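Here is a quick walk through one protein model, starting from a single residue and working outwards. Have the structure open while you read.

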Amino acid sequence: MPGPLESLSKVKDARLELDVPFSRLTTWKAGGPARFMLRASTQRAVVQILYITCEHELPLLIIGNGSNILASDGGFEGVVLRLEGELSHARTVKDRLESGSGVSLGTAVTKAARASLSGLEFAIGIPGTVGGALMMNAGAFSGTVAGVLESARTLTLDGEMREHDRFEAVYREPLLPAGEIVMSAAFRLLVASGSEISRRVKATRLERRAKQPWGEATAGSVFKNPEGDTAGRLIDSCGLKGREVGGARVSELHANFIINTGRASASDIRALIDIVAEEVMARFDVALELEVKLVGFGEE
């Protein structure tokens, strides 16, 4: 039997890179190497990659723009898969946006707006992809993916295609079963004037820039909001804005954001996460739950 390197290098419609640092793959710009990095452009390539990872018992991590991931400095001894090519196209059909999993949310918002379709404006500025958004019910400013999602197609780890049109909308929880890979989604939107959509997009962008560390190396909100409160308020009340560990710093603008100032290791960021969680627990007896995904820390 050929080894994993030989098998993965022969997958048609997929580009293989070795030992790609997560600092190049994530918005936090930190983390060690991914042993195998594959960019697949067709569903057939994804199925083949799934077969190889199963055959060689390789861990598999699906990523979009890497906007909610903290990978350890030790990296990931498995396959990191990103969906591109035909899996990152979007089109509008009447009042629907049909999108591949690899489409960025910014592109989805723009595509819908150009067709005078409203409902996705809340997502402007969220640096993830459609697939990632479905797997965490992404949302902001009172809007959520679940509120406009009509249907989704997924691929099981056994290579079986499934269709979904019923979703349980839970705050920052997957809208689809664990172990399934989002291949595409359809959003039911509302017809609106282009000028009104542009106004909403502009207002959302301005609000985001005013309240969040726009342009910094972050992973968005680090913790989920506890019921009846916000993680940012609790962290701020502990006097943690500006707290630093190595090159990681709690944002002075929004306390639920941790910034990589340019020299932070994944260990720095993880240590600061732990400090924040411990201090909030000590003062408020609230256990903050992570919104970001930890990779390679031995507890996923």
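Let's begin with L120, which is buried, with a relative accessible area of 4%. Buried here means under 20% relative accessible area, exposed means over 50%, and partly exposed is in between (1.4 Å probe, protein chains only). Before going further, two notes on the source. This is a predicted model, in which local features need pLDDT of at least 70 and side-chain atom pairs count only at pLDDT 80 or more, while totals for chains, interfaces and linings use all residues. Residues are numbered from 1 along each chain as its sequence is written, and side-chain values use heavy atoms, with hydrogens and water left out.

**Around L120**

You'll find L120 in the loop between β8 and α4. The helix and strand names come from DSSP runs, numbered from the N terminus: helices are H or I with at least four residues, strands are E with at least two. Which residues does L120 contact, leaving aside its neighbours within four places in sequence? They are L97, A108, V109, A112, V148 and L189, where contact means heavy atoms within 4.5 Å. L134 sits 14 residues away from L120 along the chain, and their C-alpha atoms are separated by 13 Å.

L120 also has a place in the largest nonpolar core, a group of 32 residues. Such a core is a set of buried Ala, Val, Leu, Ile, Met, Phe, Trp, Tyr and Cys residues joined through side-chain atoms within 4.5 Å. L120, V130, L134, V145, F187 and L189 have the most contacts inside it. At least two residues of this core come from each of α3, α4 (130-134), β11 (149-156), β13 (180-188) and α5, and α3 gives the most, with four. Take V130: not counting residues up to four places away in sequence, its contacts are S99, G100, S101, V103, L105, A108, A185 and F187. There is a second, separate core too, with 26 residues, including F223, A231, L234 and I269.

**Strands that feed the core**

Now for β11. Seven bridges link it to β13, and the two run antiparallel; strands count as paired if DSSP finds at least two bridges between them. Within that pairing, L155 stands opposite I181 of β13. β11 also pairs with strand β12 (residues 161-164), again in the antiparallel sense, over four bridges, and R153 has E163 in β12 as its bridge partner. The hairpin of β11 and β12 has four residues between the strands, and G159 there takes a positive phi near 85 degrees.

**Two helices side by side on paper**

What are the lengths of α5 and α2, and how do they compare with expectation? The expected span is 1.5 Å times one less than the number of residues.

| Helix | Residues | Expected span | End C-alpha distance |
|---|---|---|---|
| α5 (194-211) | 18 residues | 26 Å | 26 Å |
| α2 (43-55) | 13 residues | 18 Å | 19 Å |

In each case the distance agrees with the expected span.

In α5, the buried residues are I197, V201, T204 and R208. Seen down the axis of α5, they fall within an arc of 65 degrees, so they line one face of the helix; the arc is that of the directions from the helix axis to the C-beta atoms. An α-helix has 3.6 residues a turn, so residues three or four places apart point the same way. Among the elements covering the buried residues of α5 are α3 (105-114), β8 (117-118) and β9 (139-140). Turned away from that buried side is a face carrying the exposed residues S195, K202, L206 and A210.

α2 buries A45, V46, I49, L50, I52 and T53. Down the axis of α2, these fall within an arc of 165 degrees, so they too line one face. T53 has a relative accessible area of 7% and touches L58, L60 and V79, not counting residues up to four places away in sequence. The face of α2 turned away from its buried side carries the exposed residues R44, Y51 and C54. After α2 comes E57, with a positive phi near 55 degrees.

**A three-stranded sheet**

Last stop: an open, antiparallel sheet of three strands in the order β15-β16-β17. β15 (244-245) and β17 (258-260) are at the edges with a single partner strand each, so one side of each is left without a neighbour in the sheet. Three bridges join β16 (residues 248-250) to β17, and V250 has I258 as its bridge partner.
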